[in-house]
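Me: I should like to understand how the terms used for a protein model follow from its values. Please take me through the reasoning step by step.

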Amino acid sequence: MPHRPHVVCALAVLLAASSALVPAAHGKAAPREIVIAHEYLAEAGEHLAGNVDALVARIEEVAGFPKGTFRGRGFSKPNEALAYIRKNKVPFAILPAHQYVEARKALKLEVLGRAVGLDREILQFTAVTRRPKPFGDLPSASNLKVATTEASDPMWLAVLTEGDVDPRRRAFQMLEVGTSKEALEALLAKKVDLAILHPRLWPEIKHRADAGGDLEWVVTSPKLPPSAFVAVGTYVRAAEKKKLAAAVDKICKTTGAPACGRMDILYVEAGRGETYQDLIDGYEARRF
């Protein structure tokens, strides 16, 4: 038989490729992800990754997934969480209500439950200014500087302020900050004219808006729902969604309470997707 070097080389390449594939075929699949987003995660500092890992381990346990099926990622800026979900095809997330509403159609988000945090079931944000007040009537003001943790979604700002702050209709200079405490600091340093504060901070400083205080109340948001535990329909697998949906209300019960507490969650209850309908309607009413 004549010598055919090109045939020998081709066989060698095929054998090498086949052997390289064997470990991957029997190796462990890369973990899927669960994203959790909340402004107050910033307070966890260096402990955030460990806190997220503990909650994800608990989710695996109650839903019957093998250990290491998922890995977690925490974000103190929820709008960064949405970008990460899209880029990395994340199947599950716990998101503030406005991020759920913003992305629900594009990512086919499905509510599996409500994740109620330390700020309880009903949230109301408060917009404050300093004394003396640096502007007149907010509904007619423009070119004001506004500090908030989520400045990228003008409809969210319109909802929070009953339409008084809507960058689509009037000029506002927006300063996006990491936390509501930073928004307040910017206000007192005269870097902005209005600060929008998370409902957990407001009770701590409410007395400063009394007569003689250094703050003045401007507007309070409508009543808003807590974070949503969602399956990302664009990326989730039917089998994993079914398993997690059946277990979602067990996550924070009994031995799961410490892991939830580390992530600022009091409890998770299954279903209750109708909770978000008023906010959805509010968005739709303001959409061009």
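Reply: The questions and answers below concern this predicted model.

Me: What does the protein consist of in terms of helices and strands, and what share of its residues counts as buried?

Reply: The protein has ten helices and eleven strands. Of its 288 residues, 49% count as buried. The accessible surface comes to about 14,400 Å², and carbon and sulfur atoms hold 56% of that surface. Among contacts with a separation of 6 or more, 79% are between residues 24 or more positions apart.

Me: Why is Ser180 called buried?

Reply: A residue is buried when its relative accessible area is under 20%. Ser180 has a relative accessibility of 1%, and therefore it counts as buried. Ser180 lies in helix 6. Leaving aside residues up to four places away in sequence, Ser180 touches Glu39, Thr149, Ile196, Leu197, His198 and Leu201.

Me: Why is Asp164 placed in the buried class?

Reply: The relative accessible area of Asp164 is 16%, and the limit is under 20%, so Asp164 is buried. Asp164 is found in the loop between helix 5 (154-160) and strand 7. Apart from residues up to four places away in sequence, Asp164 touches Leu138, Pro139, Arg170, Phe172 and Val219. Asp164 and Asp137 are 27 residues apart along the chain, and their C-alpha atoms are separated by 9.6 Å.

Me: How do you know that the buried residues of helix 6 are on the same side?

Reply: The buried residues in helix 6 (residues 180-188) are Ser180, Ala183, Leu184, Ala186 and Leu187. Around the axis they cover an arc of only 160°, and therefore they are on the same side of helix 6. The elements they pack against are strand 5 (126-130), strand 6 (144-148), strand 7 (172-176), strand 8 (194-197), helix 7 (202-205) and strand 9 (215-220). After helix 6 comes Lys190, with a positive phi near 65°.

Me: What makes helix 2 roughly perpendicular to helix 8?

Reply: Two packed helices are described by the angle between their axes and by the distance between the axes. The axes of helix 2 and helix 8 (residues 238-247) come within 8 Å and cross at roughly 95°. Angles of 65 to 115 degrees count as roughly perpendicular, so helix 2 is roughly perpendicular to helix 8. Ile59, Val62 and Ala63 of helix 2 make the contact with Lys243, Leu244 and Ala247 of helix 8.

Me: Which strands does helix 2 lie across?

Reply: Helix 2 (residues 48-63) lies across strand 1, strand 2, strand 3, strand 10 (227-232) and strand 11. With strand 2, helix 2 makes an angle of about 140°.

Me: What makes strand 2 and strand 11 the edge strands of the open sheet?

Reply: The open sheet is formed by six strands in the order 2-1-3-10-4-11, and its pairing is mixed. Strand 2 (70-75) and strand 11 (265-270) each pair on one side only, and they are the edge strands. On average, neighbouring strands of this sheet are turned by 20° against each other, direction ignored.

Me: How do you know that strand 3 pairs with strand 1 and with strand 10?

Reply: Two strands pair if there are at least two bridges between them. Strand 1 (residues 32-37) and strand 3 (residues 92-95) are joined by three bridges, so they pair, and they run parallel. Val35 stands opposite Ala93 in strand 3. Strand 3 and strand 10 are joined by four bridges, so they also pair, and they run antiparallel. Ala228 in strand 10 is the bridge partner of Leu95.

Me: What makes both faces of strand 3 count as covered?

Reply: Phe92 and Ile94 on one side of strand 3 are buried, as are Ala93 and Leu95 on the other. Both faces are thus covered.

Me: Where does Arg104 lie, and which residues does it touch?

Reply: Arg104 is in the loop between helix 4 (97-103) and strand 4 (109-117). Not counting residues up to four places away in sequence, Arg104 touches Leu109, Ile280 and Glu284. The C-alpha atoms of Arg104 and Val232 are separated by 8.5 Å, while the two residues are 128 residues apart along the chain.

Key
Residues numbered from 1 in each chain as written. Predicted model: local features only at pLDDT ≥ 70, side-chain atom pairs only at ≥ 80, totals over all residues. Heavy atoms only, no water. Buried < 20%, exposed > 50% of the residue type's maximum accessible area, 1.4 Å probe, protein only. Helix = DSSP H or I, 4+ residues; strand = E, 2+ residues; numbered from the N terminus. Arc of directions from axis to C-beta. Contact = heavy atoms within 4.5 Å. Areas by Shrake-Rupley, 256 points an atom, 1.4 Å probe, with all protein chains shown as cover. Axes fitted to C-alpha atoms, helices over the stretch in contact; angles between N-to-C directions. Parallel < 35°, antiparallel > 145°, perpendicular 65-115°, else oblique.
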